[in-house]
Amino acid sequence: MADASEKSAHVSISSPSPPSPSPSTSSSMAVTSTEIKDDGERVINLDHGDPTMYERFWQQMGDITTIVISGWQSMSYFSDVKNLCWFLEPEFAKQIIRLHKIVGNAVTDNYYIVVGTGSTQLFQAALYALSPPNASEPMSVVSAAPFYSSYPSVTDFLKSGLYKWAGDANNFNKDGPYIELVTSPNNPDGSIRQPVVNRSGENLVHDFAYYWPQYTPISSPADHDLMLFTVSKATGHAGMRLGWALVKDKEVAKKMTSFIELNTIGVSKDSQQRAAKILQVISDSYEPVGNPKQSGSFFHFSHSMMEERWKALRSAAKQSGLFSLPEFPSSFCNFLGQAFGSQPAFAWLKCEGGIEDCGNFLKKHKILARNGKHFGASPEYVRVSMLDRDESFNLFTKRLSSLHLSQSKDHEEESP
């Protein structure tokens, strides 16, 4: 359970005093468009959600998150044999619980924690755990469009007899049990989601990869049967390949653990120990409450970065006149103590001006974004990553602002 033993990992940790990023640093990080030279030949790839935006913050933090792992450490498969998830490092579990309580984005009391190699493995483990082993036909898996583009391919990749992708939850009308994937804030469009099928036999998986205060107001702690989180979008450390699930039902948690045991015989201890230190550093900066360093702490810093980027993108879209973006209502964030509208990790960009294939139009201008058809939506939309490095993002907004109706007409004439 989440309140299980919190034994410290055997790791030597270098803990110098952290530098304090200025609260205005994120504003100064944006390179103005006049400083960027763009000959139009460089390819800007914003198809993937690689969170390299966060590199600058962690560089400024210096060695405070450095850990040293000796050659004799982390050799056993086992982390805590008394824990249901026996490969979960106790220190990582402790820091997960601590961070959720500080941010207030999820309930952890009376939950089991299952660690996975990213939330993708946990998603697969959840499908396995929620599907009856001896059913006459595979369990249907659905999600409301636009849905995360990898859901269909990951669900059907192994051609499992336990479950299969059944498409848009809005159109699902099959009788019997089913699994609905609820991603909130949603990838790709940033909307706050609730289940849409809502009938007997439902099994819900809530994907909260983006329910962190840099992306959306934290209005209340999430409290659902099965919730997925990932280090990659919480802190930017995608290369660690770590995620965790908060699971209410013991038997479901057991089956998820069994899946990971058979799939990879556990999860890297080294990654968990490094992640534990990073989560600890974030939490330390917010305790005690009222700590003057908070303004330069990770979530304040990254929230300011996302705010600046969304302002820049909206300005570029307005200047161009060829693009539209979703609007998000403002609500109060209990963690940051202020009201704001969501500022998602991805922009759900729509091409106007009669452009029917937005991805192809942008590609002709050497901007790569993921086409809306991969999300079960119209190709008039593309998903654009907001998380790339400063240089790429600022070059993108500069180029986007320069695209006007004449380019749209040229594109129509060139299209077959």
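This passage describes the fold, interior, sheets, surface and backbone features of a predicted protein model.

Residues are numbered from 1 along each chain as its sequence is written, and side-chain values use heavy atoms, with hydrogens and water left out. Because the model is predicted, local features are reported only at pLDDT of at least 70 and side-chain atom pairs only at pLDDT 80 or more, whereas totals for chains, interfaces and linings use all residues.

The protein chain contains 12 helices and 17 strands; these are DSSP runs numbered from the N terminus, with at least four residues for a helix (H or I) and at least two for a strand (E). Of its 416 residues, 54% count as buried, where buried means under 20% relative accessible area, exposed means over 50%, and partly exposed lies in between (1.4 Å probe, protein chains only). The accessible surface comes to about 18200 Å², and 49% of that area belongs to carbon and sulfur atoms. Accessible areas were computed by the Shrake-Rupley method with a 1.4 Å probe, and for residues only the protein chains shown count as cover. Among contacts in the protein chain with a separation of 6 or more, 75% are between residues 24 or more positions apart; a contact means heavy atoms within 4.5 Å.

In soluble globular proteins, nonpolar side chains tend to be buried together. Here the largest nonpolar core has 112 residues, and those with the most contacts inside it are Phe 92, Met 256, Phe 323 and Leu 362. Helix H9 (residues 298-320) gives the most to this core, contributing 9 residues. Apart from this core lies another, of 6 residues, among them Ala 169, Phe 172, Tyr 178 and Val 197. A nonpolar core is defined as a set of buried Ala, Val, Leu, Ile, Met, Phe, Trp, Tyr and Cys residues joined through side-chain atoms within 4.5 Å. When residues up to four places away in sequence are not counted, Leu 362 touches Phe 323, Leu 349, Ile 367, Ala 369, Val 382, Leu 400 and Leu 403.

A buried polar residue is found in helix H8 (residues 269-284), namely Ser 283. Its relative accessibility is 0%. With neighbours within four places in sequence left aside, Ser 283 is in contact with Arg 98, Leu 99 and Ile 102.

Strand E4 (residues 112-116) is largely enclosed by the rest of the structure, because 5 of its 5 residues are buried. In a regular strand the side chains alternate between the two faces of the sheet. On E4 both faces are covered, with Tyr 112, Val 114 and Gly 116 buried on one side and Ile 113 and Val 115 buried on the other. E4 pairs with E10 in the antiparallel sense over 5 bridges, and Val 114 has Ala 245 of E10 as its bridge partner. Two strands are taken to pair if DSSP finds at least two bridges between them.

An open sheet of 4 strands, with antiparallel pairing, has the order E11-E14-E17-E16. Strand E11 (323-324) and strand E16 (370-371) stand at the edges with a single partner strand each, so one side of each is left without a neighbour in the sheet. Strand E14 (residues 346-351) and strand E17 (residues 381-385) run antiparallel and are joined by 5 bridges. Phe 346 has Ser 385 of E17 as its bridge partner.

On the surface, Tyr 77, Phe 78, Val 81 and Ile 265 make a nonpolar patch of about 460 Å². Patches consist of residues with over 30% relative accessible area and no salt bridge, with like charges joined within 9 Å and nonpolar side chains (Val, Leu, Ile, Met, Phe, Trp, Tyr) within 5 Å; a salt bridge is a side-chain nitrogen of Lys or Arg within 4 Å of a carboxyl oxygen of Asp or Glu. Val 81, in the loop between E3 and H3, is exposed, with a relative accessible area of 67%.

The loop between strand E3 (67-68) and helix H3 (90-103) also holds Ser 74. Although not a glycine, Ser 74 has a positive phi of about 60°, and this residue is partly exposed, at 25% relative accessible area. Arg 241, likewise not a glycine, has a positive phi of about 55°. Arg 241 lies in the loop between helix H6 (231-235) and strand E10 (243-247) and is partly exposed, with a relative accessible area of 37%.

Cis peptide bonds also occur in loops. One joins Ala 145 and Pro 146, with omega about 0°; Pro 146 is placed between strand E5 (139-143) and helix H5 (150-156). The peptide bond from Ser 184 to Pro 185 is also cis, with omega near -5°, and Pro 185 is in the loop between strand E7 (178-183) and strand E8 (202-207).
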